[in-house]
Amino acid sequence: MDKKTITVTSPLLPNLDEFHEVLKEIWDSKWITNNGSFHKKLEHALAEYLKVPYVSLFTNGTLPLITALQALRITGEVITTPYSFVATTHALWWNGIKPVFVDIEPETGNIDPSKIEAAITPKTTAIMPVHVYGKPCKTKEIQDIADKYGLKVIYDAAHAFGVEVNGESILNAGDISTLSFHATKVYNTIEGGAMIMHDAKTKQRIDYLKNFGFAGETTVVAPGINSKMDEMRSAYGLLNLKQVDDAIEARHQVAIKYREALRNVEGISFWDDMPGVKHNYSYFPIFVDAKKYGMTRDEIYFKMREQGVLGRRYFYPLISEFSTYKGLESSSRENLPTAYKMADEVICLPMHHALKDCDVQKVISIISQHHA
């Protein structure tokens, strides 16, 4: 890739010399996977950092979603959002579950709790919301509905690493939350993910399920899957945990610059920080009102590309528009007006810890000077 290209994200990488040292330890031990010491250390370190009781590490962010549905024995229909990465809904499909889409809130991009009850049928067993861009869902309202109808709640918290509301981790909401540690995320283990649960019994069950269902050398307690994280990535993750706070603060400074510069650009809108929320600045979405701005979202998106700035139309198209799901009744445009509007207007601007001030200024200048 051209060195002058400004990418939408950049992986947080541990110090290579430090990584080399821990690799030597792993090589000496000859224990490279199967719940080794680094795997155990990272689970404990993440539980402490994230202020959650139990963490189970996975080899990516999709498998904990698939496994959570298995662990809670979810069947039938699950109410979810069309405005997310496809893995959210794919996890349902892989479990033979019918996704039922409901619309989102314009002020957060998250599932709209006021739309959930009308979508519940006798076949509904769970709600699967997403903390979109790491912005917290209305967890209390969602839980109240779940309690009223006896439903489970599984949060796709792929974007929500370290996010807190009034000092409490949002990963403690619902029955289970899942995280992604993919290279593009605020915190990464190259590929990786985790599941957050509230009690030791669930943690034990999940740990069996992610290792083929083995509970001992000759005992298999459930039809499990293989989704363990290896020692190399666990060690990498431990090193990254030491620098993730600095990386989040660097992202915060980028967000401040974008907001100051773009606040008065006609036809461009964005979200401010939510009161009482500790954000992780994983993304910086802007929304393009074509009439007011004078260009469509796609026009400015491709203009940015021409000038070496890679944004991302995240999430476009909606999951409900992909061939597997578009035939569902709940996928109709009439059912999802806010989600369709957001998908047609969004561009996530470059946002990562390594952005230089000149990079940020270039992005700002393209968006604010488009008519010049």
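Visitor: I'm new here. Which residue's side chain meets that of Lys-138 in a salt bridge?

Guide: That's Glu-105, with 2.7 Å from N to O. This pair joins distant parts of the chain, 33 residues apart. Lys-138 sits in the loop between strand E4 (124–128) and helix H5 (139–149), while Glu-105 is in the loop between strand E3 (98–101) and E4. Keep in mind that we're looking at a predicted model.

Visitor: What's the general idea behind such a pair?

Guide: Side chains of opposite charge can pair when their charged atoms come close. Here, the structure holds 21 salt bridges.

Visitor: Are the two partners, Lys-138 and Glu-105, buried or exposed?

Guide: Take them one by one. Lys-138 counts as partly exposed, at 34% relative accessibility. Glu-105 has just 3% relative accessibility, so Glu-105 counts as buried.

Visitor: Which residue forms a salt bridge with Lys-148?

Guide: Look for Glu-117: the closest N and O atoms of that pair are 2.8 Å apart. Again distant parts of the chain are linked, with Glu-117 in the loop between E3 and E4 and Lys-148 in helix H5, 31 residues apart. Glu-117 is partly exposed, at 31% relative accessible area, and Lys-148 is exposed, at 57%.

Visitor: How should I read a salt bridge inside one helix?

Guide: Start with the geometry. An α-helix has 3.6 residues a turn, so residues three or four places apart point the same way. Now find Lys-140 and Asp-144, both in helix H5 and four residues apart, about one turn of the helix. Their side chains meet in a salt bridge of 3.0 Å, N to O. Lys-140 counts as exposed at 60% relative accessibility, and Asp-144 as partly exposed at 40%.

Visitor: Which residues are buried in helix H6?

Guide: In H6, which runs over residues 200–209, you'll find Lys-203, Ile-206 and Leu-209 buried. They sit on the same side of H6, because they cover an arc of only 125 degrees around the axis.

Visitor: What covers the buried residues of H6?

Guide: The cover includes helix H2 (37–50), strand E1 (54–58), helix H3 (62–71) and strand E9 (193–197). Lys-203 also turns up in a network of salt bridges, together with Glu-43, Asp-207 and Lys-210. And check the start of H6, where a side-chain oxygen of Asp-199 comes to within 3.2 Å of the backbone nitrogen of Lys-201.

Visitor: Where is Asp-230 found?

Guide: In the loop between H6 and H7. With 17% relative accessibility, Asp-230 counts as buried. Polar atoms of the Asp-230 side chain lie 3.0 Å from the backbone nitrogen of Met-232 and 2.9 Å from that of Arg-233. Leaving out residues up to four places away in sequence, Asp-230 touches Ile-32 and Thr-33.

Visitor: Which residues form a nonpolar patch on the surface?

Guide: Phe-212, Phe-214 and Val-220 do, and together they have about 260 Å² of accessible area. Try Phe-212 as an example: Phe-212 lies in the loop between H6 and helix H7 (231–241) and is partly exposed, with a relative accessible area of 39%.

Visitor: One last helix: what do the buried residues of H11 pack against?

Guide: Strand E12 (284–288), helix H10 (297–306) and strand E13 (346–349). The buried residues in H11 (337–345) are Ala-339, Tyr-340, Met-342, Ala-343 and Glu-345.

Methods:
Residues numbered from 1 in each chain as written. Predicted model: local features only at pLDDT ≥ 70, side-chain atom pairs only at ≥ 80, totals over all residues. Heavy atoms only, no water. Buried < 20%, exposed > 50% of the residue type's maximum accessible area, 1.4 Å probe, protein only. Helix = DSSP H or I, 4+ residues; strand = E, 2+ residues; numbered from the N terminus. Arc of directions from axis to C-beta. Contact = heavy atoms within 4.5 Å. Polar contact = N/O pair within 3.5 Å; in protein donor to acceptor, adjacent residues only side chain to side chain. Patch = residues over 30% accessible without salt bridge, like charges linked within 9 Å, V, L, I, M, F, W, Y side chains within 5 Å. Areas by Shrake-Rupley, 256 points an atom, 1.4 Å probe, with all protein chains shown as cover. Salt bridge = Lys/Arg side-chain N within 4 Å of Asp/Glu carboxyl O.
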